[in-house]
Amino acid sequence: MRKLALYVSHREIRVISLLAFVLLGVLSACSDAGLRTTLPAPIPLTDINPDPNIVEVQLVAAPASKEYLPGKAAAVWAYRDGAKPGSVGTVPGPLLQANQGNLIIVHFRNELPVATTIHWHGLRLPGNQDGTPISQTAIPAGGTYEYRFTAVDPGSFWYHPHIEGNEQVEKGLYAPFIVHGGATLNTAADRYLVLDDVKLGGDGKLDEKVDPLDVMLGRPGNVLLVNGMQGGRLEVGSWTQERWRFVNSSNGRYFNLRLPEHEFYIVGWDGGLLPVPYVQDSLLIAPGERYEVLINFEHPPSGRLALQNIYYDRGHNVPDPGPQDLLEVIYGPAGPPPSPLPTVLRKPSTVPFNSKTLVRPFVLKEQEDPAGGAANFSINGQRWPDITPVEAKSGAVEIWEIEANPEMDHPFHLHGMFFQVLSVNGVPPVVPWGWKDTVNVPRGSKLRFAVQLDPPGRWVFHCHILEHAERGMMGELVIR
Ligand SMILES: [Cu+2]
């Protein structure tokens, strides 16, 4: 009975959120119609080291200002390039890019009023460079820190704080990270599209009130952003092929992408390129995940073309608001035609598990507050930071079985290493052998992945709905 009452109240709140979305949509629609702004590409950080094998940057986190709605400034926290005189913080932050094998040195300065860290999401690096409060001492307000690691794997990554991530990422601290290398894909463009949403008040400022629904769904926003912009426009060359890298940097929104009349040739996941691509009409990206796709712009569309977010049923009776436009795509002059893809993008390799491999179970649960307040979240009945760490020897191979509660999906992220999904409810994936560090565990299901536990360090694993992680759905893996 109580549960039903809670659902009703969620729906009521949701209706208010949806109304707010509709209202803001109208506001933005009035101001565009031909006046849409070109989508900004993330600006690379300045490499201050002349050695071609070293990428050395100065990164600052500081309060900044951002107009999510035209003419209405919001106070945000943002990363900026400390090597550029007069640089201002941007949301998303500046692009960190390197070539495979480069040494990366980040001189970081914390100009925020609170302590922070930087987690290099997806990077395989020494345990003491992972940027969590158990891998380092938090960097206090006014403090500095140096991160130093090698870019081992080519791929699309991102960086963000790992202290009070639910607050700090929402306020604007997140940025793309590309490691170039591997098979060459000769596309007309290589773009990184960072997906997010923000919950804004009518004054355009971030609404910092967090209600039980925000905790449940990861603070669903009423404005959807690509590279920090609502309703941007992107011109593509006709008769060309482009490579688009996506990251879902939102606290908790599921993006289910569609580009009408076009298909996504999925060439890569979190851990870089797949051995062979596969094709889908839509692409679900859970919080924290990355996907790389090729899109052929060979068929001029019959009308206006928009990259859309379409409904995905993530649980908890979240209603379908209908397709939401993320980005207007315009066909421009003809560009270079698509070149043939390499037949194998990457040599397949597998985690060496067998029938005797240890299967380690993890149960992700949400616990509603009987008093009607925000829920809390746990893994195997324990809530971070009151947890017993999982312990393993370096190099051990294990199968992890992640079970999600029946109410909603949870995106599970393991720091420091990649894994391979073996099955969901016993059914193997359509596409094997891709490497993941974040995977959506559908509600009520058991997902198994194989992983080789390495390198030594204190690593965390958690739900990437940041409100869940910060309210207990996080564990620790100690590798010795
Ligand atoms: Cu979760």
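Modeller: A residue is exposed if 12 or fewer other C-beta atoms lie within 10 Å of its own, buried if 20 or more do, and partly exposed in between, with C-beta atoms placed from the backbone. The model is predicted: local features need pLDDT of at least 70, side-chain atom pairs count only at pLDDT 80 or more, and totals for chains, interfaces and linings use all residues. Numbering starts from 1 along each chain as its sequence is written.

Colleague: Why is N317 called exposed?

Modeller: N317 has 11 other C-beta atoms within 10 Å. The limit is 12 or fewer, so N317 is exposed. N317 sits in the loop between β18 (305–309) and β19 (324–334). Its phi is positive, about 55 degrees, although N317 is not a glycine.

Colleague: Why is N227 called buried?

Modeller: N227 has 21 other C-beta atoms within 10 Å. The threshold is 20 or more, so N227 is buried. N227 belongs to the loop between β10 (223–226) and β11 (232–238). Phi of N227 is near 50 degrees, again positive in a residue other than glycine. Most residues other than glycine have a negative phi, and most peptide bonds are trans.

Colleague: Which peptide bond near 0 degrees in omega is cis?

Modeller: The bond from D454 to P455. P455 lies in the loop between β27 (446–453) and β28 (457–463). A cis bond also joins V91 and P92, with omega about -5 degrees. P92 is in the loop between β2 and β3 (96–99).

Colleague: What makes the protein chain as compact as a globular protein of its length?

Modeller: First, the inventory: four helices and 29 strands (DSSP runs numbered from the N terminus, H or I of at least four residues and E of at least two). The radius of gyration, over C-alpha atoms, is 21 Å. The globule rule (2.2 Å times the number of residues to the power 0.38) gives 23 Å for 480 residues. The two values are close, so the chain is as compact as a globular protein of that length. The C-alpha atoms fill a box of roughly 60 × 60 × 50 Å along the principal axes. Of the 480 residues, 45% count as buried.

Colleague: What makes β2 and β6 edge strands?

Modeller: Strands pair if DSSP finds at least two bridges between them. The open sheet runs β2-β1-β4-β6, with mixed pairing. β2 (72–81) and β6 (144–150) each have a single partner strand, so one side of each is left without a neighbour in the sheet. The average twist is 20 degrees from one strand to the next.

Colleague: How do you know that β1 pairs with β2?

Modeller: Nine bridges join β1 (residues 54–69) to β2, running antiparallel. At least two are needed, so they pair. K66 stands opposite A74 in β2.

Colleague: How do you know that β20 pairs with β23?

Modeller: Seven bridges join β20 (residues 358–367) to β23 (residues 396–404), and these strands are parallel. That meets the minimum of two, so they pair. L358 has E398 in β23 as its bridge partner. Both strands belong to a five-stranded open sheet, β21-β20-β23-β27-β25, with mixed pairing. Its edge strands are β21 (376–379) and β25 (419–424), each paired on one side only.

Colleague: Where are the bounds of domain 1 and domain 2?

Modeller: Domain 1 spans 186–334 and domain 2 spans 358–479, with bounds from an automatic or database assignment. Their C-alpha centres are 25 Å apart. The contact (C-beta atoms, placed from the backbone, within 7 Å) takes 22 residues from domain 1 and 23 from domain 2.

Note on methods
Two residues are in contact if their C-beta atoms, placed from the backbone, lie within 7 Å. Axes are lines fitted to C-alpha atoms, for helices over the stretch in contact, and angles run from 0 to 180 degrees between N-to-C directions.
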